[in-house]
Amino acid sequence: MFNETYKLSNGVEIPKLGLGTWLLDDAQTAQAVRDAVSIGYRHIDTAQAYMNEVGVGDGIRSCGLSREELFITTKVAAEAKSFDAVTHSIDESLAKMGLDYIDLLIIHSPQPWKEYREDNRYFEENKEVWKAMEDAYKTGKVKAIGLSNFLQDDVENILANCEIKPMVNQVLVHVSNTPSELIEFCQKNDILVEAYSPIAHGAVLDNAEIKVIADKYGVSVAQLCLRYDIQLGLVVIPKTANPDHMRNNAELDFVISDADMETLKHVEHIQNYGEHSFFPVFGGKLK
């Protein structure tokens, strides 16, 4: 699995499997990066909002591999909605991680988190944000640029006003939450879709319907969910600090049948993400 990649629209190769680092502090992140790299991971995903970019940098420097062997993604804070704010934030991310370049830089959300999916869509502001992203791309600070949590009209706003097209859109995709129309739209426009929380932040692990299918293939529910997203043509970035989970998440050498893929696409939508339900991406609202 570790050697499998997709090719972005600009020719850059991105590993299909990455390590997510959401909710890990700097020390946990540094150790998770070292563990993941030793197991075989080459793709690490972080964000300014995770407040662990320093830890990612520490992990990179102490993992035993050269910088060029790794693919590092970070995300511009959802609240940075001006050209200058984004330009500053990119330089700040590079400094925190101690890197000369970022492999993939994405806008974390089309709206600030406190206004997530509200009426103000920030179309004009996101044009400015994208210009700053394009500048960073042209100067070599980043090797690829993209989006996260962008709905179709958010993406269309960028496509209609850009010089360089977005290369990815990272969104919530997991069994019981498959935004098929958005995925299809992105793929038709040469935008690779990345799936964050591909195991629904653990909320699907006790789902009896999914477990029956996982048992059929002799795999865990987590492995089935990751394979499901990969067969949809997506990058998966499961978050874990547990080396055993890292290993298991990479053991995806099986194929889900077309019939079972259809069944999984129509699993009833999860209503409750447990203790993490308050996060905007899981339907909650920040005060």
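Helix 8 is followed by Gly233, a residue with a positive phi near 90°. The model in which this is seen is a predicted one. Helix 8 itself covers residues 221-231, and ten of its eleven residues are buried, so the helix is largely enclosed by the rest of the structure. The buried residues are Val221, Ala222, Gln223, Leu224, Cys225, Leu226, Arg227, Tyr228, Asp229 and Ile230. What do the buried residues of helix 8 pack against? Their partners are three strands and three helices: strand 1 (5-7), strand 9 (192-196) and strand 10 (235-236), together with helix 7 (208-217), helix 9 (243-250) and helix 10 (258-265). A general point helps in reading any such helix. An α-helix has 3.6 residues a turn, so residues three or four places apart point the same way.

Two of the strands just named, strand 9 and strand 10, belong to an open sheet of eight strands. Its order is 3-4-5-6-7-8-9-10, and the pairing is parallel. Strand 3 (19-20) and strand 10 are the edge strands, each pairing on one side only. At the strand 3 edge, two bridges join strand 3 to strand 4 (residues 43-45) in the parallel sense. Gly20 has Asp45 in strand 4 as its bridge partner.

Further into the sheet is strand 6, made of residues 104-107. Are the faces of strand 6 covered or uncovered? Both are covered: Leu104 and Ile106 are buried on one side, and Leu105 and Ile107 are buried on the other. Strand 6 pairs with strand 5 (residues 71-76) in the parallel sense, over four bridges. Within this pairing, Thr73 is opposite Leu104 of strand 6. To get from strand 5 to strand 6, the chain passes through helix 3 (residues 83-97), and this β-α-β crossover is right-handed.

Strand 6 also runs parallel to strand 7 (residues 145-148), with three bridges between them. Here Ile107 stands opposite Leu147 of strand 7. The chain goes from strand 6 to strand 7 by way of helix 4 (residues 123-138), in another β-α-β crossover that is right-handed.

Helix 4 contains Asn126. The cut-off for a buried residue is under 20% relative accessible area. Asn126 has a relative accessibility of 1%, so it counts as buried. Its side chain reaches the backbone oxygen of Pro110 at a distance of 3.0 Å. Pro110 is also among the residues in contact with Asn126 when neighbours within four places in sequence are left aside; the others are Lys81, Arg121, Phe150, Asn157 and Ile158. As for a residue at a distance, Ser277 lies 151 residues from Asn126 along the chain, and their C-alpha atoms are separated by 27 Å.

A second asparagine, Asn149, is found in the loop between strand 7 and helix 5 (152-159). Asn149 has a relative accessible area of 3%, so this residue is buried. Which side chains does the side chain of Asn149 join by a polar contact of 3.3 Å? One is that of Tyr116, and another is that of Ser148. Leaving aside neighbours within four places in sequence, the contacts of Asn149 include His108, Ser109, Pro110, Trp113, Tyr116 and Arg117, as well as Asn169, Gln170, Val171, Tyr196 and Val281.

Trp113 and Tyr116 bring us to the aromatic rings. The count of aromatic pairs comes to seven. In the pair formed by Trp113 and Tyr116, the ring centres are 5.3 Å apart and the planes are at 45°, so the pair is tilted. Both Trp113 and Tyr116 are buried. Elsewhere, one aromatic cluster is formed by Trp22, Tyr273, Phe278, Phe279 and Phe282.

The ring of Tyr101 has charged company. The charged end of Arg67 sits over this ring, 4.0 Å from its centre. Lys143 also lies over the face of Tyr101, at 4.8 Å from the ring centre.

The last stop returns to backbone angles. Asp190, in the loop between helix 6 (180-188) and strand 9, is a residue other than glycine with a positive phi, near 60°. His201 is not a glycine either, and its phi is positive at about 55°. His201 is in the loop between strand 9 and helix 7. With a relative accessible area of 23%, His201 is partly exposed.

Technical notes. Residues are numbered from 1 along each chain as its sequence is written. This is a predicted model: local features need pLDDT of at least 70, side-chain atom pairs count only at pLDDT 80 or more; totals for chains, interfaces and linings use all residues. Side-chain values use heavy atoms; hydrogens and water are left out. Buried means under 20% relative accessible area, exposed over 50%, partly exposed in between (1.4 Å probe, protein chains only). Two strands pair if DSSP finds at least two bridges between them. A crossover is right-handed if, with the strands pointing away from the viewer, the path from the first strand over the helix to the second runs clockwise. Contact means heavy atoms within 4.5 Å. Rings of Phe, Tyr and Trp (its six-membered ring) pair if their centres lie within 6.5 Å; planes under 30 degrees apart count as stacked, over 60 as edge-to-face and the rest as tilted. A charge sits over a ring if NZ of Lys or CZ of Arg is within 6 Å of the ring centre and within 35 degrees of the ring normal. A polar contact is a pair of N or O atoms within 3.5 Å; within protein, one must be able to donate a hydrogen and the other to accept it, and residues adjacent in sequence count only if both atoms are side-chain atoms.
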